Amino acid sequence: MTPVSSHASHGQSSLRTVQVLGGGNAASGAHVRSLAAGLVARGVRVTVCAPVEADHAYDFTGVGAEHVHVPRSSDPGSVAALRAACSGADLVHAHGLHASFRTALALSGRQTPFVVTWHDRAHADGPRAQFLRVLERRVVRAATVVLGTTSALVDRARRSGARDARLAAVSLPGPRSAPAPDEADRLRPKVRAELGAVERPLIIAVGSLERHRGYDDLLDAAHAWRLLDPVPLVVIAGEGPLHGELRRRIEDEELPVRLAGPREDVPDLLAAADVAVLPSRREEARSPFAQEALHARVPLVATRVGGVPELVGDAAELVPRGNARALADAVTRLLEDPGRRELLAERGPRQAATWPTEDQTVAQVLSVYDELTRPRPLT
């Protein structure tokens with residue numbers, strides 16, 4: 001286990017850090033929980049500032065961190081609550097653009113080291129896009145160090161004026177190996193029967209039902225798959241504002257697609273799948289679903305966006321964003337080529353082995369904390 005910060009070993013009190021999380025998407029929420037657990041295990045005192053719903057979802061207190069409820073950004077009391085929670089902290093670490101901006105306001109006038117992690121790029125159109133760019137510049141100029149989860153995010157932070165921007169090691173929390181073959185063999189027929197794909201290929205997509213996920217393109221691609229024999233079944237696991245619109249399209253166009261709603265058993269779905277798809281139109285950083293698919297040895301077809309190419313290497317088929325024909329063709333080729341599917345299945349775990357572990361992620365973050373909080377000699 002990596003030791004606690006170097007200055008703690010010289011008899012000084014243990015480091016006290018504050019982790020700030022906004023609403024928290026799945027990736028950043030899971031990362032903060034993993035980071036909190038690893039830091040606490042190393043003797044670091046951790047306070048997580050986040051809405052109470054986030055603590056219910058990720059159980060920060062369950063790994064030994066203190067949780068302080070901080071309302072979402074729309075609440076005028078959120079900055080004041082953050083300022084009080086950060087009082088006396090040795091270092092503050094914020095995750096995501098909006099949480100980082102509120103933290104910068106809360107730390108205004110203080111000399112507390114301020115670390116920011118960008119897990120993904122915030123997106124908007126029109127006047128709001130300009131507003132987000134202003135927030136980005138304000139955040140990176142206030143931060144002591146900016147950690148980006150992809151090279152593109154690091155470059156963006158530098159262009160926005162960051163004094164110090166570095167590539168972050170960010171792991172996928174949880175099991176890192178595929179299910180045992182006998183367990184996968186047991187799960188596969190059970191899950192396929194439940195979904196209605198007993199004697200037909202099964203294509204799996206997972207993620208919230210939002211426009212940027214590219215599900216319109218996935219439904220367009222499903223038109224081409226109706227010509228295959230047998231016709232594949234596409235299962236989309238997730239919930240969101242597009243549910244009604246997607247359901248109507250599926251019914252009106254008689255598409256071989258099923259909306260499965262939110263699922264807690266994504267590993268089981270992947271164990272049953274022939275192909276996984278990630279049709280995102282918007283930049284993805286370190287897509288948890290892409291990582292899970294490669295860990296599970298499931299051939300993945302993904303759009304070439306954001307950090308996805310960097311993440312998957314040669315272990316997935318990449319297609320242009322917004323191109324339903326390219327998506328349909330790539331999946332069709334995989335379904336018709338068991339040798340290619342097996343090759344990608346072999347490459348998946350090999351590529352996953354190059355990603356940082358949770359222990360390595362905590363070690364990197366702790367080394368940054370050490371660097372920023374180490375006592376400096378008097379001059």
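**Exercise 1. Which elements make a β-α-β unit with S9, and which hand does it have?**

*Solution.* Start with the elements themselves: S9, helix H9 (residues 243–252) and S10 make up the unit, and it is right-handed. Keep in mind as you work that this is a predicted model.

Next, look at the two strands. Strand S9 (residues 233–237) and S10 run parallel and are joined by four bridges. To find one of these pairs in the viewer, pick Ile236, whose bridge partner in S10 is Leu259.

**Exercise 2. Place S10 in its sheet: which strands form the sheet, in what order, and which stand at the edges?**

*Solution.* First, trace the order. The sheet is open and has six strands, arranged S10-S9-S8-S11-S12-S13 with parallel pairing. Then go to the edges: S10 and strand S13 (317–319) each have a single partner strand, so one side of each lacks a neighbour in the sheet. From one strand to the next, the twist averages 25°.

Now take the S13 edge. S12 and S13 are paired in the parallel sense over three bridges, and Val301 stands opposite Glu317 in S13.

Finally, return to S10 and ask how much of this edge strand is buried. Counting residues under 20% relative accessible area as buried, four of the five residues of S10 (residues 257–261) qualify, so the strand is largely enclosed by the rest of the structure.

**Exercise 3. Describe how H8 packs against H13 and against H9: what are the angles?**

*Solution.* A reminder on method: two packed helices are described by the angle between their axes and the distance between the axes.

Step one is H13. The axes of helix H8 (residues 215–225) and helix H13 (residues 324–335) come within 8 Å and cross at roughly 50°. H8 is therefore oblique to H13. The crossing in which H8 passes H13 is right-handed. On the H8 side, Asp217, Leu218, Asp220, Ala221, Ala224 and Trp225 make the contact; on the H13 side, Ala324, Arg325, Leu327, Ala328, Val331 and Thr332 do.

Step two is H9. Here the packing angle is about 10° and the axes of H8 and H9 are 11 Å apart. H8 is therefore roughly parallel to H9. From H8, the contact uses Tyr215, Asp216, Leu219, Asp220 and His223, which meet Glu245, Leu246, Arg249 and Ile250 of H9. Compare the two lists and you will find Asp220 of H8 in both.

Step three is the sheet. H8 lies across S8, S9, S10 and S11, and runs at about 165° to S9.

**Exercise 4. Is helix H11 mostly covered or mostly uncovered, and what does it pack against?**

*Solution.* Begin with the count: H11 (residues 288–295) has eight residues, six of them buried, and is mostly covered. The buried ones are Phe289, Ala290, Gln291, Ala293, Leu294 and His295.

Then list the neighbours of these buried residues. Among the strands they pack against S8 (202–206), S11 (275–278) and S12 (300–303); among the helices, against H10 (266–272), H12 (308–312) and H14 (338–352).

To finish, step past the end of the helix. Arg297 follows H11 and has a positive phi, near 65°.

**Exercise 5. Now turn to the seven-stranded sheet: what is its strand order, and which helix lies across S1, S4 and S5?**

*Solution.* The order first: this open sheet runs S3-S2-S1-S4-S5-S6-S7, and its pairing is parallel. Its edge strands are S3 (66–69) and S7 (165–167), each pairing on one side only. Direction ignored, neighbouring strands are turned by 20° against each other on average.

Zoom in on S4 and S5, which run parallel and are joined by four bridges. His95 has Thr117 in S5 as its bridge partner.

Next come the helices. H4 is the one lying across S1, S4 and S5, running at about 150° to S4. H5 also packs on the sheet, where it touches S5 and strand S6 (145–148), and its direction makes about 135° with that of S5.

Close with the burial of H4 (residues 97–106): seven of its 10 residues are buried, and the helix is mostly covered. Those residues are Leu97, Ala99, Ser100, Arg102, Thr103, Ala104 and Ala106. They pack against strands S1 (16–21), S4 (91–95) and S5 (114–118), together with helices H3 (78–85) and H5 (127–142).

Conventions. Residues are numbered from 1 along each chain as its sequence is written. This is a predicted model: local features need pLDDT of at least 70, side-chain atom pairs count only at pLDDT 80 or more; totals for chains, interfaces and linings use all residues. Side-chain values use heavy atoms; hydrogens and water are left out. Buried means under 20% relative accessible area, exposed over 50%, partly exposed in between (1.4 Å probe, protein chains only). Two strands pair if DSSP finds at least two bridges between them. A crossover is right-handed if, with the strands pointing away from the viewer, the path from the first strand over the helix to the second runs clockwise. Axes are lines fitted to C-alpha atoms, for helices over the stretch in contact, and angles run from 0 to 180 degrees between N-to-C directions. Angles under 35 degrees count as roughly parallel, over 145 as roughly antiparallel, 65 to 115 as roughly perpendicular and the rest as oblique. A crossing is left-handed if the near helix is turned anticlockwise from the far one by less than a right angle, and right-handed if clockwise. Contact means heavy atoms within 4.5 Å.
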